[in-house]
Amino acid sequence: MPRLLRALAGLAGFFLVWEVIVQAGLVRKEFLPPPSVVLVTIFEQFGETQFIRDLVATFLAWAIALLIAVAIAVPAGLLLGSIPGLRTATAVVIEFLRPIPAVALIPLVLLLIGGGPEAKITLAVYASLWPIMFNTIYALGEIDPVLLETAKACGTGKFRTLTSVALPHTAPFVFTGVRLSANIALIAVVSTEFLAGAKLGIGNFIMQASTGSTRFDLVLAGTVVVGALGFLINGGLEMIGRRAFRWSTVDREAVS
């Protein structure tokens, strides 16, 4: 609760500064509506069916993309981390693909699979699998060699060693990667909805509000909702991680 209260206090301070700047006339209200207007607009939009559909569409695309990213990145990370030769052979390809922004692939993805939900899910998977995969590879490299040698001396096979020694050790690292990738996936989903003109989603809501309209309160309302969704996702995953891996300091070290 103290952490949550401090976070809410910081958010309230941000809104207060925003309100003061606008009310003082430093920025025109037509271009930057104050929080008092934006928050009212948000509450009004939650009474609109279309806005709820957009919010649900974004959340479902995010959840599906993150699950697919975990299903791909964790086995790939275990494989690359366990076989140094394979990791060396694929290093150039991985380092070539990893810096490419997901939004730069929007035209290619639209040509290959169209502009439906598959497009934003595909791009979100691409953007979010890297932190999970590299955290998994790093975790395997940090396993105490004594544990591996002990398992080998006891006649434990490679698969059993992977499941009984490697996986428990890598789990906190993998979860930290998932938490980092969660917001990356959300950014990719909303960005694709906005740039690719998705039929549903918060990104589409922001795009429609900003096109041929002077309702900048709607634009900021959508933006604030995305920020709140990201805050809740990160906070929820952090809480789960603290309870599931109380014995580990990995997540706390990543935060600090």
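I took contact to mean heavy atoms within 4.5 Å, and with that in hand I began on the fold of this predicted model.

**Entry 1: overall fold**

I looked up how far apart in sequence the contacting residues lie: among contacts in the protein chain between residues at least 6 apart, 74% join residues at least 24 apart. The secondary structure came next, and I noted 11 helices and zero strands in the protein chain, which read along the sequence as α-α-α-α-α-α-α-α-α-α-α. Of the 256 residues of the chain, 39% count as buried. I also recorded an exposed area of about 14,500 Å² for the protein chain, with carbon and sulfur atoms supplying 71% of it.

**Entry 2: the nonpolar core**

Which residues touch the most other members of the largest nonpolar core? I found that this core has 58 residues, and that Trp-62, Ile-132, Met-133, Leu-186 and Ile-233 are the ones with the most contacts to other members. The elements that give two or more residues to this core are helix H1 (2–23), helix H2 (35–45), helix H3 (49–82), helix H5 (106–113), helix H6 (117–141), helix H8 (158–196), H9 and H10. The most is given by H6, with 13 residues. As background I wrote down that, in soluble globular proteins, nonpolar side chains tend to be buried together.

I then followed Leu-186 outward, leaving aside its neighbours within four places in sequence, and listed its contacts as Thr-58, Trp-62, Val-226, Leu-229, Gly-230 and Ile-233. Trp-62 and Ile-233, which appear in that list, are also among the core residues that touch the most other members.

**Entry 3: two buried polar residues**

I turned to Ser-181, which is found in helix H8, and asked whether this residue is buried or exposed. Ser-181 has 0% relative accessibility, and since buried means under 20%, it therefore counts as buried. With neighbours within four places in sequence left aside, Ser-181 is in contact with Leu-66, Ser-128, Pro-131 and Ile-132.

Asn-204, in helix H9 (residues 202–210), is my second case, and at 8% relative accessibility Asn-204 too counts as buried. Not counting residues up to four places away in sequence, I found Asn-204 touching Asp-54, Glu-193, Phe-194, Ala-198 and Lys-199.

**Entry 4: salt bridges**

How many salt bridges does the structure hold? I recorded five, and went through several of them in turn.

- The side chains of Arg-28 and Glu-30 meet at 3.5 Å, N to O; Arg-28 is exposed, with a relative accessible area of 52%, whereas Glu-30 is partly exposed at 47%.
- Arg-98 and Glu-95 form a salt bridge through their side chains at 2.9 Å, N to O; Arg-98 is partly exposed with a relative accessible area of 38%, and Glu-95 is partly exposed with 40%.
- Arg-242 and Glu-238 are joined by a salt bridge of 3.3 Å, N to O, and here I checked the spacing: because they are four residues apart in helix H10 (residues 216–244), about one helical turn separates Arg-242 from Glu-238. Arg-242 counts as partly exposed at 32% relative accessibility, while Glu-238 is buried, with a relative accessible area of 11%.

**Entry 5: a nonpolar patch on the surface**

Which residues make the nonpolar surface patch of about 650 Å²? I listed Phe-46, Ile-52, Val-56, Phe-59, Leu-60, Ile-64, Ile-68 and Ile-72. I looked more closely at one of these, Leu-60, which lies in helix H3 and is partly exposed, with a relative accessible area of 47%. Helix H3 also appears among the elements that give two or more residues to the largest nonpolar core.

**Entry 6: aromatic pairs**

I counted nine aromatic pairs. Phe-14 and Phe-15 make a tilted pair, at 5.8 Å centre to centre and with 55° between the planes. I compared the accessibility of the two partners: Phe-14 counts as exposed at 51% relative accessibility, whereas Phe-15 is buried, with a relative accessible area of 18%. Together with Trp-18, Phe-14 and Phe-15 form one aromatic cluster.

Terms used:
Residues numbered from 1 in each chain as written. Predicted model: local features only at pLDDT ≥ 70, side-chain atom pairs only at ≥ 80, totals over all residues. Heavy atoms only, no water. Salt bridge = Lys/Arg side-chain N within 4 Å of Asp/Glu carboxyl O. Buried < 20%, exposed > 50% of the residue type's maximum accessible area, 1.4 Å probe, protein only. Core = buried A, V, L, I, M, F, W, Y, C linked by side-chain atoms within 4.5 Å. Patch = residues over 30% accessible without salt bridge, like charges linked within 9 Å, V, L, I, M, F, W, Y side chains within 5 Å. Areas by Shrake-Rupley, 256 points an atom, 1.4 Å probe, with all protein chains shown as cover. Phe/Tyr/Trp six-rings, centres within 6.5 Å; stacked < 30°, edge-to-face > 60°.
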